[in-house]
Amino acid sequence: MDTSTSMAATGASLPIVTARLLLRRLVAEDAAAVTRLVNDYSVAGNLARVPFPYREQLAQEWIASAGAQIDSKDAYHLAITRDGALVGCIGLTLRRNALPEIGYWIGRKFWGQGLAREAAAALLDWAQTELGLVEVEADVLTDNLASQAVLRHLGFVESGSGVQQFLSRNRKMPVLMFRRVAEPPKPPAPKPVLLVVACALVDSDGRILLAQRPKGKQLEGLWEFPGGKLNDGETPEAALIRELREELSIETQESCLSPLFFASHAYEKFHLLMPLYICRKWQGRVTSAEGQALAWVRPEKLADYPMPPADVPLVALLRDFL
Ligand SMILES: Nc1nc2c([nH]c(=O)n2[C@@H]2O[C@H](COP(=O)(O)OP(=O)(O)OP(=O)(O)O)[C@@H](O)[C@H]2O)c(=O)[nH]1
């Protein structure tokens, strides 16, 4: 069954998938299952707008109107299915002079498994993301403690009480009103800024030295400019002179290091800020002091060496510069 094509027209993405459930558009074939589950006083008696006994003809009409309401964006009544079988329904109705209202029911044999809570949590998240709904209301029979527990768990708080006509009971019943204000999405936690210094060592043939990141390290196998993190109290230049000594067994001086470009890149756990220096003068022979593979690379060949994402803009700049 394709429930996604027709939703495309409304701009909202359905179905909604949760750990155990699929919330999808109701289809005509659901009428028999809806009738079987709702035509049970323990279910229908909690619902204000369904008569009891409940007949399949009503289910057919309701399913047709639910489809039309989704298309007109007036309400989103969805089937709750588990492993392909209908276990209940859930809906969100957008009202003109009132807040949107959520309602749901679960067939009696599926009670006690937290399915209403799982479906409602998913629909509320979906409504916030897809429809921008922040505040939602729900009315619950005063003695329907299970449904009130679901709402409380989802962050609803009691906002009033009243009476409402219940078709299923053919009389007015006391209800509690609940309201939920969704928390605004949390901004991502700020990442620590990591300062790393790196160097484009350029030999007399105009080739640049790249070092391969060893196995077991983050970004292993990628080629990078020699360098590393600053120790406490170190200047960038002192750190770079130390790193070149430790990694490549060469000596250089601050006067031989010229700042060139810098990389600013968001990695998953930190934000890298990496000034890239250029150095054409050093003492000693470049050797791999830490066992890392080294390569002297012509500027036009740099792109053949896979490098960390932070380095990509630097490589382009360096190629133009040299
Ligand atoms: N040296 C260097 N580091 C780079 C480059 N590009 C880039 O993203 N980085 C990142 O900057 C950090 C450099 O830290 P580092 O070399 O001192 O440390 P590391 O990850 O090797 O681990 P370590 O702390 O065990 O030595 C790494 O996260 C590395 O992925 C680059 O061109 N050169």
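# Close-up views of a predicted model

**View 1. Fifteen residues make up the shell around the ligand.** By class, this shell holds 8 nonpolar, 3 polar and 4 charged residues. The model is predicted. In total, 15 residues surround the ligand. The closest are E224, G227, G228, P308 and A310. Three elements each give two or more residues to the shell: β9 (193–201), β12 (227–229) and β14 (271–279). Which element gives the largest share? The answer is β12, with 3 residues.

**View 2. Strands β9 and β14 run parallel.** The two strands pair in the parallel sense. Their pairing extends over 7 bridges. Look for A198: its bridge partner in β14 is L276. Both strands also appear in View 1, as each gives two or more residues to the shell around the ligand.

**View 3. Strands β13 and β14 form a hairpin.** How many residues lie between the two strands of this hairpin? There are 4. Strand β13 covers residues 257–266. Its pairing with β14 is antiparallel and spans 9 bridges. One pair to find is H265 and L272: L272, in β14, is the bridge partner of H265. Strand β14 thus has two pairings to trace: a parallel one with β9 and an antiparallel one with β13. As you follow a strand, keep one rule in mind. In a regular strand, side chains alternate between the two faces of the sheet.

**View 4. Three strands build an open sheet.** The order is β11-β10-β15, and the pairing is antiparallel. Why is one side of β11 (223–224) and of β15 (294–297) left without a neighbour in the sheet? Each stands at an edge and has a single partner strand, so one of its sides has no neighbour there. Strand β10 covers residues 208–212. It is joined to β15 by 4 bridges, and these two strands run antiparallel. Within this pairing, A211 has L294 of β15 as its bridge partner.

**View 5. The whole protein chain puts the close-ups in context.** The chain has 8 helices and 15 strands. It contains 322 residues, and buried residues make up 30% of them. How do contacts spread along the sequence? Take the contacts between residues at least 6 apart in sequence: 59% of these join residues at least 24 apart.

Methods
Residues are numbered from 1 along each chain as its sequence is written. This is a predicted model: local features need pLDDT of at least 70, side-chain atom pairs count only at pLDDT 80 or more; totals for chains, interfaces and linings use all residues. A residue is near a molecule or strand if its C-beta atom, placed from the backbone, lies within 6 Å of it. Ala, Val, Leu, Ile, Met, Phe, Trp, Tyr, Cys and Pro count as nonpolar, Asp, Glu, Lys and Arg as charged, and the others, Gly among them, as polar. Two strands pair if DSSP finds at least two bridges between them. A residue is buried if 20 or more other C-beta atoms lie within 10 Å of its own, exposed if 12 or fewer, and partly exposed in between; C-beta atoms are placed from the backbone. Two residues are in contact if their C-beta atoms, placed from the backbone, lie within 7 Å.
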